[in-house]
Amino acid sequence: MNPWRLGLRRLHPPIRRPYSTATPESSKQLGWLFVDSIFPVQVGRWDLRKYIGYLREDFLLGTLRRRLERVTAHGFKIVEIKPYHKDGGAFVRFEYDPSVEGGLQALETTINETVEVPTWANVLRGTVWVVKGRPWREDMNRFATPVLRVSFDGPDVGEQPLWDAMRPFGRIVSMKPQAPSPPTPLRASIVEFDGLRDSANARNVLHDFSIDHGEGKMTRLKVEFERPSLEAHVIANWISSHPRIVLPILFFLLGGISYAIFDPFRSLMIQAKLENWFDLTRYKAYNWVKTTAFEQFTGHKEERQNQLLSDAIWKDRKEATEGIKKYLHDLPSSVTFVHGPQGSGKSALLYPILEAWERKFLVIDCRELLKTTSDAQLFSTLARQVGYWPVFGFLNSMGHLVDLAAVGLTGQKAGFNTSSTEQIKSILDVCGSALMKVSSAHRNQIEKHAHKEELFAVQQEREKVRKEEIRQGTYHDGRLDCVAGNGVISELGFGDEKLAKERDSLSSGTDIPSARWHDGFESDANANNQKRRREADLEMVESLPIVVVKNFELKTGDKREELLEVLAQWSVSLVENQVAHVIVLSDNRENSKRLTKAMPTKPLNSIALYDADSASALSYVRDKLDRSRRSFNSQETSYIERLGGRASDLESLIHKVRSGATVEDAVEDIIARGVAELRKTAFGDDSDDAKHLPWTREQAWRVLKLLSSFEEMPYHDVLLDFPFKGDESALRSMESVELIAINNHNGRPSTIVPGKPILKYVFERLAKDTVFAATQDIAYNEKIIASSEATIKSCEDELLKLKGLGSDAGWFDSATTSRSRFLQRKLFEAQKKIGILERKNTELKKVLARGG
């Protein structure tokens, strides 16, 4: 027989293997005992503790038999022992003398008092029970549970009699009657014990036990294990009734999953965006198809125009370019802040530098972020720009709902709905870790490359020394000895003479000494090593990624001040930890205050861009239009000078002229387009649109009319005069949309000029529109008239009060008399102003009646 099958039989013994087959005497009766805790109670099919019982079965049953044989009371004698591993015990068949006083109950007490039952773990003490029913050693997959299903074959058993029968085995938690199910007509009760051992003892002792109701009525108990059944919606009810326990656990699990799974993957996706892993242009097959198939079939050849203005054409860009290159050549210690008016070419200056160096860079456009109307859109836009994926935008709204539910249930917020600032910081923190991984990966790659080059250089130097020794005859290759043998008889070997003597003799000659060669090689190697180290340091600096934060400013109506604050703090942390170079682009120098606030101990690397002078602008336009053309005529020159050197306007001019327009027509078209845009931006489409502007139409018209006549205006003269009356916010709002530019002197506002040079001619063109000017002048005059009438009204009221005080009494001037004279002069001036303005409005209305 197969020995393996013998082993399995040993671990799984037959269910009916008696340990004794003695026949009882005729004067005695037979009974059954159930001994618990001999084996472990199996709770499932894969309970591995059962194998401990299989291995110790002979020892445990043998010990039990020896100890039971010591009992002689009531004529007790063992007939057989049958193990029952599944319920952790054994059935003992015995014979006894029924005539002895006390019967089976006294026998059970005696055995428990005198016999110490052996157990499989030698921890708990087993108990011996007299079986009242009939043993049922079934081997089905019905494993022990604390719940028993007691079926009644006969009249129903009341709760108290059933409790009396079950309670000796252990504490009962609950008893519930159960209606008969369709497959069986028997009624039953569900009895739940406090312990698994108690229910197993009750099942094996009381199964098939009959309860006598009297008058010949008997009920047989069918006892079997019942799987604990949960009540309907018990889990949901428990969760809803314990929010203070469930919600923190839920948030902890969600945060742990996000931190352990999603954040590393998001960091990997950001790294993929920086490294351009999904960029098809990196693959030769795509470039071949693009250059051969696409261009040949379509006849279109892609040309990349270098937007970087050459030093010879635009000389004031040279210092800015050198400043950016110098910053990128060194380890980052500060943030570079590039500022200049909109359209001055900040992006056109920076991007060609980054592309020429093939640096890994990441661009964050604040303008796109500030255009978003909700937090969900803000997070998704920021995530798209940096490559942060996946993004679960619905969790933001769900967090708000959970907080509302938590307030209703617990009276306080659960903290699931984090603020927008915290979520932005979370995205940027993951982005910072990805930038650090990119930097560290490039550094490791460069170090490995430098180490390989160093080893290669050392190997080359050794080869040089070896060749020189071979030339001098002082080198011996030991591998030849294996072919030719050793000694003087060798045809290929060197013999027994010492090579050191030859080397010494050669070194004393006038040829090339060996020591000098070695010293020269060592000095060259040291110089090369130093050179390679410098190159490696430079490559390590250039391997750092670059973060470009463009449009770093708040426009009129933007309410996301915290976004720029978080970006400023994050940018400073990148340069302080030398994770990346950070370049911030902004239209206004005032926006640097947020960066200086985040980095108070170090100065910013500030680079300013201005409009080109007339000579540079003319040279640039001529170079772009026709390189063989040496000059423009006087009329063309005067038109180009109207653009004032703004890069965006010059590019627009070049595009129009290349399309076939003349220089005069192109400039006129730019001015006409500017007039249309100015009417919409400064005055609104209608009166309802004008109400949403951060300034009034009268304030915009006042500034426009002044700048159409003067090159610049004193800042404080405009600020203190009507219609501003000290309202500085209106002027700052105009500056933010580039209607005007405010020049500073010694850190304070000094003069007001047009936002860009072309606006000077746009203002003039709009001021010469008689109908539009008349409409705005009438509205402006009406405001002044209303203000003057209010002044007259207040003066009249005060004069009446002064008259009641007796200001005309006395022969000398009193305080009330002086005040009365002042008010009368003010009233007269206001009335005079009203008369002048009324006459002007009459004339203007005639202009409108004539249609211009």
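A trainee and a mentor discuss a pocket and a surface patch in a predicted model.

Trainee: What should I know before reading this model?
Mentor: It is a predicted model, in which local features need pLDDT of at least 70 and side-chain atom pairs count only at pLDDT 80 or more, while totals for chains, interfaces and linings use all residues. Residues are numbered from 1 along each chain as its sequence is written, and side-chain values use heavy atoms, with hydrogens and water left out.

Trainee: Which residues form the nonpolar patch on the surface?
Mentor: Val234, Ile235, Trp238, Ile239, Ile245, Ile249, Phe252, Leu253, Ile257 and Ile261 form it, with about 980 Å² of accessible area together. Patch residues have over 30% relative accessible area and no salt bridge, and nonpolar side chains (Val, Leu, Ile, Met, Phe, Trp, Tyr) are joined within 5 Å. A salt bridge would be a side-chain nitrogen of Lys or Arg within 4 Å of a carboxyl oxygen of Asp or Glu. Areas come from the Shrake-Rupley method with a 1.4 Å probe, and for residues only the protein chains shown count as cover.

Trainee: Which helix gives the largest share of the patch?
Mentor: H8 does, with six residues. Helix H7 (234-241) and helix H8 (243-275) each supply at least two; helices are DSSP runs (H or I, at least four residues), numbered from the N terminus.

Trainee: And where does tryptophan 238 lie?
Mentor: Tryptophan 238 lies in helix H7.

Trainee: Why does tryptophan 238 count as partly exposed?
Mentor: Because its relative accessibility is 44%; buried means under 20%, exposed over 50%, and partly exposed in between (1.4 Å probe, protein chains only).

Note on methods
Patch = residues over 30% accessible without salt bridge, like charges linked within 9 Å, V, L, I, M, F, W, Y side chains within 5 Å.
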